[in-house]
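The following questions and answers introduce one molecular structure to a new reader.

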Amino acid sequence: MAKRIAQFYKVGFHQFAESWRDTFGETEESEIRQIYDGIRLPERATAGSAGYDFFMPEDMVVEPGKTVKIPTGIRVRMEEEWVLKCYPRSGLGFKYRLQLNNTVGIIDSDYFYSDNEGHIFAKLTNDTNEGKTVELKAGTGFMQGIFVEYGITVDDDVQTERNGGFGSTTGV
């Protein structure tokens with residue numbers, strides 16, 4: 001039986017609104033509230049699925065060669081020594097060559113406690129070489145996350161704590 005090691009949550013409304021406006025510009029609060037209220041927590045499609053599907057918060061179109069940053073509205077609390085690895089849904093990659101810009105998104109267990117509430121973002125690029133436009137409808141799966149246990153070296157004594165998001169631990 002699989003270990004139960006994590007729980008998904010929505011970020012707070014104000015965090016989501018700030019992230020949405022940062023990504024898409026000024027947007028009426030009522031429109032952001034409607035998007036926020038429609039956010040679905042990630043879930044597995046079947047009992048045998050390893051990946052938790054993340055769902056589009058809003059309709060988006062990604063033209064060939066274009067990129068979109070998606071504030072998912074999701075955060076995850078997980079046990080130490082686990083990581084959430086995020087990948088594009090395999091069907092989208094196969095049909096459209098839709099890719100995550102960082103190839104694999106790595107969500108560390110301590111990201112949950114960051115100033116941005118551990119808000120998970122996805123940056124997708126339509127890397128088609130067939131000229132296909134990708135239409136992603138609100139509520140459809142676009143990314144999947146898989147929890148993986150990890151180990152550390154015997155001489156590791158890191159005590160530094162995170163307080164930030166992307167690249168915050170190395171300053172990149």
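Two strands pair if DSSP finds at least two bridges between them; strands (E, at least two residues) and helices (H or I, at least four) are DSSP runs numbered from the N terminus. This is a predicted model, in which local features need pLDDT of at least 70, side-chain atom pairs count only at pLDDT 80 or more, and totals for chains, interfaces and linings use all residues. Residues are numbered from 1 along each chain as its sequence is written, and side-chain values use heavy atoms, with hydrogens and water left out.

Q: In which sense do β1 and β4 pair?
A: The two strands are joined over five bridges, β4 covering residues 67-78. Within β4, Ile-74 is the bridge partner of Lys-10. The sense of the pairing is antiparallel.

Q: Which strands stand at the edges of the sheet?
A: The open sheet of four strands follows the order β1-β4-β8-β6. Each edge strand has a single partner, so one side of it is left without a neighbour in the sheet. These strands are β1 (6-10) and β6 (98-100).

Q: At what angle to β4 does helix α1 run?
A: Helix α1 (residues 13-24) lies across β4 and β8 (120-126). Axes are lines fitted to C-alpha atoms, for helices over the stretch in contact (heavy atoms within 4.5 Å), and angles run from 0 to 180 degrees between N-to-C directions. The angle to β4 is about 160 degrees.

Q: Against which elements do the buried residues of α1 pack?
A: Buried means under 20% relative accessible area (1.4 Å probe, protein chains only). Among the buried residues of α1 are Phe-13, Phe-16 and Trp-20. The buried residues of α1 pack against α2 (29-37), β3 (60-62), β4 and β8.

Technical notes
Buried < 20%, exposed > 50% of the residue type's maximum accessible area, 1.4 Å probe, protein only.
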